[in-house]
Amino acid sequence: MPHLTYVERLVDLLDPEANVFLNVTPEEAAAAVASGDPERVRAIDGQFALVQKEGKTVRMARSIGRPMRYFLAKRSEGPCLVVAERIEELRAFLDAEGLGDQFHPSYSRMVPAHHLVEIELVGCPDPNPAYTRFFTPERNRLPADLDVIGRAYVGALAHECERWLDRIDPRAPIGVLFSGGIDSGAVFLVLYHLLLARGEAPARLKAFTLSVQGGPDAEQAHRFLDALGLTMFLEVVEAAMEDVDYRAAIQVVEDYKPLDVQAAAMTLALCRGIRARYPEWTHLVDGDGGDENLKDYPIEENPELTIRSVLNNLMLYQEGWGVHAIKHSLTYSGGQSRGHVRSYAPGRALGFRGFSPYALPNVIAVAEGIPFVELTQWDHERLYALKGEVVRRGVKAVTGLDMPVFEKRRFQHGALERDAFEALFPEGEAAYRAAFRDLFE
């Protein structure tokens, strides 16, 4: 009887150029993941998705800022683990290998952010992955002093932006996806301040604002920058109604959650407008993650949440209910770990390199250190008012600028008027799910 050689296989389709390392080399980051030591992985600062193989053990880790998926295929000679950024990349590879009949999007898996995932390629039956958390910020470590909190939070944001500026071409233009809201506003002002402090030309910077037939964000963005004498940095990108297509957004983000799809449709329209004007533009920075960090979502809109669940659970908005919870989705992870594709994927599809400083662990760590319960006493309105106060004070402390604060408004609601929004986007999740299913039939 012939001897059968058992061959396990790892196929890494991830683009290494999409990683953003702020304190290590790519080789050092890869070695940290290969080691299996969560403390070494935590020491990686930046946006990354990494996979390493040692014998039959595969280790994967990612930050929120970059998606990462895998699919375990069966072969007669042994299992084949395929790792990629997108579901469509997994399917294309399996088709090319003659393994396409094994594919279904629900069989793909998303690596949850902030966890080291280990898979043993040992054949049938496949063992479950092992999850080891590599990022566990200390909660409630800051005093209940808004000035101290603001300085720490925006200071962390500025520190990460500074290190990012150190690693890009000092002549390269920088675009901020800008609504005039708290998060994009703070990112813009921090970058403006840093460029001046570094002696670099602030003219590199632009605030790109989407306007679909006169949406309110354009006026808000102008008011924000006008209050600071900085309107020369504003560039409004006009888009027609037909430029906003939720089906196209679903194809880009490969998801069906309405709020994320709506935001992605707007980001896609904005990125297309920027690319049409500036064919060579590379760097875009966004404020995604600011709402998650300061827990600034209307709890009343989600029947699954209470203020106690939001304030009592570590990084609930960033990670969802957790990898061992019944409601955790293996296909999609949870929270912003899942939803960040709304910002990342549209820019990536148009050839931009995105940077999301609020989603970096060092910034999240400061946010999780805020004593939310002590500051809010479980009051919804006090929680919703907190972000504006924290960020406004922090921007003043770090940059010396008095940042205007306007009422919160989601990106998809600010880029166009309500009547137009209702004409473009279905109500309820069923239509989004149907469009998603159409992608893979």
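# Helix packing, cores and sheets

Helices H4 and H16 stand roughly perpendicular to each other (this term covers angles of 65 to 115 degrees, while those under 35 count as roughly parallel, those over 145 as roughly antiparallel and the rest as oblique). The model is predicted, so local features need pLDDT of at least 70 and side-chain atom pairs count only at pLDDT 80 or more, whereas totals for chains, interfaces and linings use all residues. Residues are numbered from 1 along each chain as its sequence is written, and side-chain values use heavy atoms, with hydrogens and water left out.

**Helices packed against H4**

- The axes of H4 and H16 (residues 380-399) lie 7 Å apart and form an angle of about 70° (axes are lines fitted to C-alpha atoms, for helices over the stretch in contact, and angles between N-to-C directions run from 0 to 180 degrees).
- In the contact between them (heavy atoms within 4.5 Å), H4 contributes residues including Leu146, Tyr153 and Ala158, and H16 contributes residues including Leu386, Arg393 and Val398.
- H4 also packs with helix H5 (residues 182-197), at an angle of about 55° and with the axes 10 Å apart.
- This angle makes H4 oblique to H5.
- Among the residues that make this second contact are Val154, Cys161 and Trp164 of H4, together with Val187, Leu191 and Leu195 of H5.

**Nonpolar cores**

- The largest nonpolar core (buried Ala, Val, Leu, Ile, Met, Phe, Trp, Tyr and Cys residues joined through side-chain atoms within 4.5 Å) has 62 residues, and those touching the most other members are Tyr153, Trp164, Phe178, Phe188, Leu191 and Leu205.
- Another core lies apart from it and holds 53 residues, including Leu90, Leu177, Trp281 and Leu350.
- When neighbours within four places in sequence are left aside, Phe188 is in contact with residues that include Val176, Phe178, Leu205 and Phe233.

**Enclosed elements and Phe355**

- Helix H14 (residues 361-368) is largely enclosed by the rest of the structure, because 7 of its 8 residues are buried (under 20% relative accessible area with a 1.4 Å probe and protein chains only; exposed is over 50%, and partly exposed lies in between).
- The cover over the buried residues of H14 includes H4 (146-166), helix H2 (38-42) and helix H15 (372-376).
- Phe355 belongs to strand S15 (residues 353-355), and this residue is buried, with a relative accessible area of 0%.
- Not counting residues up to four places away in sequence, Phe355 touches Trp164, Leu284 and Asp286, among others.
- Strand S12 (residues 205-212) is likewise largely enclosed, since 7 of its 8 residues are buried.

**Strands and sheet**

- S12 pairs with strand S11 (residues 174-177) in the parallel sense over 4 bridges (pairing requires that DSSP finds at least two bridges), and Gly175 has Lys206 of S12 as its bridge partner.
- Helices (H or I, at least four residues) and strands (E, at least two) are DSSP runs, numbered from the N terminus.
- An open sheet of 4 strands follows the order S4-S5-S9-S10, with antiparallel pairing.
- S4 (49-54) and S10 (130-133) form the edges; each has a single partner strand, so one side of each is left without a neighbour in the sheet.
- On average, neighbouring strands of this sheet are turned by 20° against each other, direction ignored.
- Strand S9 (residues 115-120) is joined to S10 by 4 bridges in the antiparallel sense, and His115 stands opposite Arg133 in S10.
- Helix H1 (residues 26-35) lies across S4, S5 (57-62) and S9, at about 55° to S4.
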